[in-house]
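Here are some notes to go with the structure, written as numbered points. I hope they are handy as you look around.

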Amino acid sequence: MTTVERETAPARTGAGRTRHRHTPGHIAGRVLLYLMLALFLIPVMFPVYYVFAGALMGSQDLSSFPPRLLPSGVNLENIQGALDAVPLLRMYGNSLVMAGIITVSQLFTSALAAYAFVFLRFRGSAVVFALFLSTLMVPAEATFIPNYLTITGWGMGDTYAGLVMPFLAYAFGTFLLRQSFKQFPRELFDAARIDGMGHLRFLWTILLPLSKPALTAVGMYVFITSWNMYFWPLIITRSTEMQTLQIGLNSLKVGEYSNPGLLLAGAALSVLPTLALVIFGQRFIVRGLTAGAVK
(Lines give C-alpha, C1' and ligand atoms only; values in the text may rest on other atoms or scores of the structure.)
Protein backbone atom coordinates (compact mmCIF):
# COMPACT_ATOMS: atom_id res chain seq x y z
CA MET A 1 0.00 0.00 0.00
CA THR A 2 1.36 3.40 -0.93
CA THR A 3 1.66 6.33 1.43
CA VAL A 4 -1.36 8.06 -0.06
CA GLU A 5 -3.44 4.89 0.24
CA ARG A 6 -2.41 4.45 3.85
CA GLU A 7 -3.36 8.05 4.65
CA THR A 8 -6.74 7.82 2.94
CA ALA A 9 -7.68 4.40 4.37
CA PRO A 10 -8.68 5.72 7.82
CA ALA A 11 -10.83 8.37 6.19
CA ARG A 12 -12.67 5.75 4.15
CA THR A 13 -13.03 3.58 7.23
CA GLY A 14 -14.45 6.50 9.20
CA ALA A 15 -16.89 7.26 6.42
CA GLY A 16 -18.00 3.62 6.45
CA ARG A 17 -18.58 3.80 10.17
CA THR A 18 -20.58 7.00 9.68
CA ARG A 19 -22.83 5.31 7.13
CA HIS A 20 -23.23 2.33 9.44
CA ARG A 21 -24.42 4.54 12.30
CA HIS A 22 -27.32 5.77 10.16
CA THR A 23 -28.63 2.37 9.09
CA PRO A 24 -32.31 1.59 9.80
CA GLY A 25 -31.32 -0.98 12.40
CA HIS A 26 -29.21 1.53 14.29
CA ILE A 27 -31.96 4.17 14.18
CA ALA A 28 -34.54 1.63 15.41
CA GLY A 29 -32.23 0.67 18.28
CA ARG A 30 -31.79 4.30 19.30
CA VAL A 31 -35.55 4.88 19.21
CA LEU A 32 -36.13 1.76 21.33
CA LEU A 33 -33.50 2.92 23.82
CA TYR A 34 -35.09 6.34 24.20
CA LEU A 35 -38.53 4.77 24.65
CA MET A 36 -37.22 2.53 27.43
CA LEU A 37 -35.53 5.50 29.12
CA ALA A 38 -38.79 7.46 28.90
CA LEU A 39 -40.70 4.59 30.51
CA PHE A 40 -38.21 4.45 33.39
CA LEU A 41 -38.36 8.24 33.71
CA ILE A 42 -42.15 8.37 34.16
CA PRO A 43 -42.28 7.02 37.76
CA VAL A 44 -39.40 9.34 38.70
CA MET A 45 -40.83 12.53 37.22
CA PHE A 46 -44.53 11.95 37.90
CA PRO A 47 -44.39 12.97 41.61
CA VAL A 48 -42.61 16.20 40.65
CA TYR A 49 -45.17 16.90 37.94
CA TYR A 50 -48.13 16.19 40.21
CA VAL A 51 -46.80 18.52 42.90
CA PHE A 52 -46.95 21.45 40.49
CA ALA A 53 -50.18 20.31 38.84
CA GLY A 54 -51.88 19.72 42.20
CA ALA A 55 -50.83 23.15 43.42
CA LEU A 56 -52.96 24.64 40.64
CA MET A 57 -55.97 22.35 41.18
CA GLY A 58 -59.07 23.26 43.09
CA SER A 59 -60.56 21.12 45.86
CA GLN A 60 -62.95 19.43 43.40
CA ASP A 61 -60.12 18.40 41.10
CA LEU A 62 -58.08 17.00 44.01
CA SER A 63 -61.01 15.01 45.42
CA SER A 64 -62.31 13.68 42.10
CA PHE A 65 -62.24 9.98 41.24
CA PRO A 66 -60.47 8.84 39.18
CA PRO A 67 -57.78 11.41 40.05
CA ARG A 68 -57.27 14.18 37.53
CA LEU A 69 -53.90 14.48 35.89
CA LEU A 70 -54.49 17.96 34.51
CA PRO A 71 -55.99 20.93 36.38
CA SER A 72 -59.31 22.13 34.98
CA GLY A 73 -57.98 25.67 35.25
CA VAL A 74 -55.24 27.79 36.80
CA ASN A 75 -56.15 28.16 40.48
CA LEU A 76 -53.83 30.17 42.73
CA GLU A 77 -55.94 29.78 45.88
CA ASN A 78 -53.76 26.96 47.19
CA ILE A 79 -50.59 29.05 46.93
CA GLN A 80 -52.25 32.04 48.56
CA GLY A 81 -53.74 29.82 51.27
CA ALA A 82 -50.35 28.29 52.06
CA LEU A 83 -48.77 31.73 52.33
CA ASP A 84 -51.57 32.88 54.66
CA ALA A 85 -51.57 29.74 56.83
CA VAL A 86 -47.93 29.96 57.92
CA PRO A 87 -45.24 32.63 57.28
CA LEU A 88 -43.73 30.69 54.38
CA LEU A 89 -41.95 33.70 52.90
CA ARG A 90 -40.09 34.32 56.15
CA MET A 91 -39.27 30.61 56.41
CA TYR A 92 -38.21 30.66 52.76
CA GLY A 93 -35.74 33.42 53.57
CA ASN A 94 -34.43 31.54 56.61
CA SER A 95 -33.81 28.45 54.50
CA LEU A 96 -32.00 30.49 51.85
CA VAL A 97 -29.78 32.18 54.45
CA MET A 98 -28.99 28.89 56.19
CA ALA A 99 -28.29 26.93 52.99
CA GLY A 100 -26.29 29.80 51.47
CA ILE A 101 -24.02 30.27 54.50
CA ILE A 102 -23.43 26.53 54.87
CA THR A 103 -22.64 26.16 51.16
CA VAL A 104 -20.13 29.02 51.07
CA SER A 105 -18.49 27.89 54.32
CA GLN A 106 -18.13 24.28 53.24
CA LEU A 107 -16.69 25.29 49.86
CA PHE A 108 -14.14 27.48 51.64
CA THR A 109 -13.09 24.92 54.26
CA SER A 110 -13.17 21.99 51.82
CA ALA A 111 -10.99 23.80 49.29
CA LEU A 112 -8.38 24.68 51.91
CA ALA A 113 -8.34 21.16 53.36
CA ALA A 114 -8.18 19.49 49.94
CA TYR A 115 -5.32 21.80 48.91
CA ALA A 116 -3.38 20.86 52.04
CA PHE A 117 -3.83 17.13 51.43
CA VAL A 118 -2.71 17.37 47.77
CA PHE A 119 -0.04 20.09 47.57
CA LEU A 120 1.41 20.36 51.08
CA ARG A 121 3.68 17.45 51.80
CA PHE A 122 3.78 16.45 55.45
CA ARG A 123 4.45 13.23 57.30
CA GLY A 124 1.40 11.12 58.00
CA SER A 125 -0.87 12.90 55.53
CA ALA A 126 -2.46 9.60 54.41
CA VAL A 127 -3.27 8.66 58.00
CA VAL A 128 -4.72 12.09 58.70
CA PHE A 129 -6.84 11.91 55.56
CA ALA A 130 -8.10 8.44 56.53
CA LEU A 131 -9.10 9.74 59.96
CA PHE A 132 -10.69 12.72 58.25
CA LEU A 133 -12.81 10.45 56.05
CA SER A 134 -13.77 8.24 59.00
CA THR A 135 -16.00 11.05 60.24
CA LEU A 136 -18.33 10.26 57.32
CA MET A 137 -19.21 6.97 59.03
CA VAL A 138 -20.65 8.77 62.06
CA PRO A 139 -24.44 9.19 61.63
CA ALA A 140 -25.53 12.81 61.74
CA GLU A 141 -28.25 11.94 64.27
CA ALA A 142 -25.57 10.83 66.73
CA THR A 143 -24.12 14.35 66.81
CA PHE A 144 -27.36 16.29 67.30
CA ILE A 145 -27.45 16.06 71.10
CA PRO A 146 -23.79 17.11 71.65
CA ASN A 147 -24.20 19.91 69.10
CA TYR A 148 -27.44 21.05 70.72
CA LEU A 149 -25.87 21.18 74.18
CA THR A 150 -22.86 23.07 72.81
CA ILE A 151 -24.84 25.59 70.77
CA THR A 152 -27.34 26.33 73.53
CA GLY A 153 -24.50 26.55 76.05
CA TRP A 154 -22.94 29.29 73.92
CA GLY A 155 -26.27 31.14 73.83
CA MET A 156 -26.78 30.61 70.08
CA GLY A 157 -30.10 28.81 70.26
CA ASP A 158 -32.81 30.16 67.96
CA THR A 159 -30.28 32.16 65.88
CA TYR A 160 -28.76 31.92 62.43
CA ALA A 161 -25.42 31.11 64.03
CA GLY A 162 -26.98 28.15 65.79
CA LEU A 163 -28.50 26.91 62.54
CA VAL A 164 -25.23 26.89 60.59
CA MET A 165 -22.46 26.44 63.17
CA PRO A 166 -22.30 22.59 63.22
CA PHE A 167 -22.16 22.39 59.41
CA LEU A 168 -19.43 24.85 58.43
CA ALA A 169 -17.06 22.01 57.47
CA TYR A 170 -17.69 18.52 56.11
CA ALA A 171 -15.41 15.71 54.95
CA PHE A 172 -17.39 14.77 51.84
CA GLY A 173 -16.65 18.05 50.07
CA THR A 174 -12.98 17.74 50.97
CA PHE A 175 -12.87 14.26 49.46
CA LEU A 176 -14.41 15.37 46.15
CA LEU A 177 -12.19 18.43 45.80
CA ARG A 178 -9.11 16.40 46.70
CA GLN A 179 -9.87 14.02 43.83
CA SER A 180 -10.22 16.99 41.48
CA PHE A 181 -7.04 18.70 42.70
CA LYS A 182 -5.04 15.49 42.23
CA GLN A 183 -5.61 15.75 38.47
CA PHE A 184 -3.77 19.07 38.37
CA PRO A 185 -0.22 18.68 36.97
CA ARG A 186 2.32 18.87 39.75
CA GLU A 187 4.80 20.51 37.35
CA LEU A 188 2.61 23.61 37.04
CA PHE A 189 2.44 23.89 40.81
CA ASP A 190 6.22 23.62 41.08
CA ALA A 191 6.66 26.23 38.33
CA ALA A 192 4.29 28.63 40.09
CA ARG A 193 6.18 28.20 43.35
CA ILE A 194 9.51 28.83 41.60
CA ASP A 195 8.09 32.06 40.17
CA GLY A 196 7.34 33.21 43.71
CA MET A 197 3.60 32.54 43.83
CA GLY A 198 2.29 31.85 47.32
CA HIS A 199 -0.08 29.07 48.25
CA LEU A 200 -3.17 31.25 48.62
CA ARG A 201 -2.53 33.10 45.36
CA PHE A 202 -1.97 29.84 43.49
CA LEU A 203 -5.17 28.40 44.97
CA TRP A 204 -7.28 31.47 44.18
CA THR A 205 -5.97 32.50 40.74
CA ILE A 206 -5.08 29.15 39.14
CA LEU A 207 -6.41 26.06 40.92
CA LEU A 208 -9.97 27.12 41.77
CA PRO A 209 -10.81 28.54 38.31
CA LEU A 210 -9.68 25.25 36.77
CA SER A 211 -11.79 23.26 39.25
CA LYS A 212 -15.17 24.90 38.57
CA PRO A 213 -16.98 21.61 37.76
CA ALA A 214 -15.94 20.04 41.06
CA LEU A 215 -16.70 23.21 43.02
CA THR A 216 -20.14 23.46 41.39
CA ALA A 217 -20.91 19.82 42.15
CA VAL A 218 -19.91 20.20 45.80
CA GLY A 219 -21.81 23.47 46.14
CA MET A 220 -25.00 22.04 44.66
CA TYR A 221 -24.82 18.93 46.82
CA VAL A 222 -24.28 20.97 49.98
CA PHE A 223 -27.03 23.47 49.10
CA ILE A 224 -29.63 20.77 48.38
CA THR A 225 -28.73 18.87 51.55
CA SER A 226 -28.92 22.03 53.68
CA TRP A 227 -32.14 23.21 52.02
CA ASN A 228 -33.89 19.93 52.86
CA MET A 229 -32.58 19.80 56.43
CA TYR A 230 -35.42 19.30 58.92
CA PHE A 231 -34.47 17.74 62.24
CA TRP A 232 -31.67 20.12 63.29
CA PRO A 233 -33.65 23.33 62.59
CA LEU A 234 -36.58 21.75 64.43
CA ILE A 235 -34.66 21.25 67.67
CA ILE A 236 -32.51 24.41 67.61
CA THR A 237 -35.24 26.95 66.78
CA ARG A 238 -38.16 27.92 69.03
CA SER A 239 -39.74 30.97 67.42
CA THR A 240 -41.66 30.96 64.15
CA GLU A 241 -39.45 33.79 62.86
CA MET A 242 -36.38 31.53 62.88
CA GLN A 243 -37.94 28.32 61.58
CA THR A 244 -37.08 27.06 58.11
CA LEU A 245 -39.30 26.13 55.18
CA GLN A 246 -39.33 22.40 55.89
CA ILE A 247 -40.78 23.03 59.35
CA GLY A 248 -43.42 25.27 57.79
CA LEU A 249 -44.42 22.52 55.37
CA ASN A 250 -44.83 20.12 58.25
CA SER A 251 -47.10 22.67 59.97
CA LEU A 252 -49.44 22.50 56.97
CA LYS A 253 -50.15 18.83 57.73
CA VAL A 254 -51.76 19.40 61.13
CA GLY A 255 -54.80 21.18 62.47
CA GLU A 256 -57.06 23.27 60.34
CA TYR A 257 -54.42 23.56 57.63
CA SER A 258 -54.52 19.84 56.82
CA ASN A 259 -55.44 20.41 53.19
CA PRO A 260 -53.82 18.50 50.29
CA GLY A 261 -53.96 21.60 48.10
CA LEU A 262 -52.02 23.65 50.64
CA LEU A 263 -49.48 20.87 51.06
CA LEU A 264 -48.91 20.58 47.33
CA ALA A 265 -48.59 24.36 46.99
CA GLY A 266 -46.03 24.51 49.79
CA ALA A 267 -44.12 21.55 48.33
CA ALA A 268 -44.07 23.24 44.91
CA LEU A 269 -42.57 26.39 46.43
CA SER A 270 -40.04 24.30 48.33
CA VAL A 271 -38.82 22.27 45.38
CA LEU A 272 -38.31 25.22 42.99
CA PRO A 273 -34.72 26.18 44.03
CA THR A 274 -33.39 22.62 44.07
CA LEU A 275 -35.13 21.76 40.81
CA ALA A 276 -33.61 24.80 39.12
CA LEU A 277 -30.15 23.86 40.41
CA VAL A 278 -30.42 20.31 39.10
CA ILE A 279 -31.72 21.39 35.69
CA PHE A 280 -29.09 24.04 35.02
CA GLY A 281 -26.16 22.35 36.77
CA GLN A 282 -26.55 18.66 36.01
CA ARG A 283 -23.53 18.56 33.71
CA PHE A 284 -21.37 20.05 36.46
CA ILE A 285 -22.67 17.44 38.90
CA VAL A 286 -21.63 14.59 36.60
CA ARG A 287 -18.23 16.10 35.79
CA GLY A 288 -17.54 16.96 39.43
CA LEU A 289 -18.57 13.61 40.87
CA THR A 290 -16.52 11.68 38.29
CA ALA A 291 -13.38 13.78 38.85
CA GLY A 292 -10.48 11.44 39.47
CA ALA A 293 -12.39 8.33 38.36
CA VAL A 294 -10.17 7.91 35.27
CA LYS A 295 -6.48 8.68 35.52
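1. A patch, as the word is used here, is made of residues with over 30% relative accessible area and no salt bridge, and nonpolar side chains are joined into one when they lie within 5 Å. Please keep in mind throughout that this is a predicted model. Which residues form a nonpolar patch on the surface? They are Leu-39, Ile-42, Phe-46, Tyr-49, Leu-69 and Leu-70, and together they have about 620 Å² of accessible area.

2. Tyr-49, one of the patch residues, is found in helix α2, which covers residues 24-55. Its relative accessibility is 35%, and a patch takes residues with over 30%. Tyr-49 counts as partly exposed because that class runs between 20% and 50%.

3. Val-48 also has its place in helix α2. With a relative accessible area of 25%, Val-48 is partly exposed. For a contact that spans the sequence, look at Val-48 and Val-271: they are 223 residues apart along the chain, yet 8.6 Å separates their C-alpha atoms.

4. Now to the largest pocket. About 660 Å³ of space lies in it, and 24 residues line it. Which of them lie nearest its centre? Those are Ala-140, Pro-166, Phe-167, Ala-169 and Tyr-170.

5. If you like to think of a pocket by the helices around it, four are worth marking in your viewer. At least two residues of the lining of the largest pocket come from each of α5 (88-119), α7 (144-153), α12 (212-227) and α13 (231-236). The largest share, four residues, is supplied by α12. As for chemistry, the lining of the largest pocket has 18 nonpolar residues, six polar ones and no charged ones.

6. The second largest pocket has a volume of about 240 Å³. Its lining consists of Val-104, Leu-107, Phe-108, Ala-111, Leu-112, Leu-200, Leu-203, Trp-204, Leu-208 and Leu-215. How do these divide into nonpolar, polar and charged? There are 10 nonpolar residues, no polar and no charged.

7. Two helices, α5 and α11 (199-210), each give at least two residues to the lining of the second largest pocket. Five residues, the largest share, come from α5. Leu-203, one of the lining residues, has its place in helix α11 and counts as buried at 7% relative accessibility. Leu-203 and Leu-112 are 91 residues apart along the chain, while their C-alpha atoms are separated by 8.5 Å. Both leucines appear in the lining of the second largest pocket.

8. Why is helix α9 described as largely enclosed by the rest of the structure? The helix covers residues 171-181, and nine of its 11 residues are buried, so the rest of the structure largely encloses it. The buried residues of α9 are Ala-171, Gly-173, Thr-174, Leu-176, Leu-177, Arg-178, Gln-179, Ser-180 and Phe-181. A charged residue, Arg-178, is therefore among those that fall under the 20% limit for buried.

9. How many salt bridges does the structure hold? There is one, formed by Arg-186 with Asp-190, whose closest N and O atoms are 3.8 Å apart. Both residues lie in helix α10 (residues 186-194), four residues apart, which is about one turn of the helix. Each partner is partly exposed: Arg-186 has a relative accessible area of 22%, and Asp-190 has one of 35%.

10. One backbone angle deserves a look. Most residues other than glycine have a negative phi. Asp-158, however, has a positive phi, near 60 degrees. Asp-158 has its place in the loop between α7 and α8 (160-164). Is Asp-158 buried or exposed? With a relative accessible area of 17%, Asp-158 is buried.

11. A last stop is Glu-77, in helix α4 (residues 77-85). Glu-77 is exposed, and its relative accessible area is 59%. Along the sequence, Glu-77 and Leu-56 are 21 residues apart, and in space 7.9 Å lies between them, C-alpha to C-alpha.

Notes:
Residues are numbered from 1 along each chain as its sequence is written. This is a predicted model: local features need pLDDT of at least 70, side-chain atom pairs count only at pLDDT 80 or more; totals for chains, interfaces and linings use all residues. Side-chain values use heavy atoms; hydrogens and water are left out. Patches are made of residues with over 30% relative accessible area and no salt bridge: like charges are joined within 9 Å, nonpolar side chains (Val, Leu, Ile, Met, Phe, Trp, Tyr) within 5 Å. Accessible areas come from the Shrake-Rupley method with a 1.4 Å probe; for residues, only the protein chains shown count as cover. A salt bridge is a side-chain nitrogen of Lys or Arg within 4 Å of a carboxyl oxygen of Asp or Glu. Buried means under 20% relative accessible area, exposed over 50%, partly exposed in between (1.4 Å probe, protein chains only). On a 1 Å grid over the protein atoms alone, a cavity is a set of points where a 1.4 Å probe fits but cannot get out, and a pocket is an open set with protein on both sides within 12 Å along at least five of seven lines; lining residues have an atom within 4 Å of a point. Grid points are joined across faces, edges and corners, and a volume is the space filled by probe spheres set on the points.
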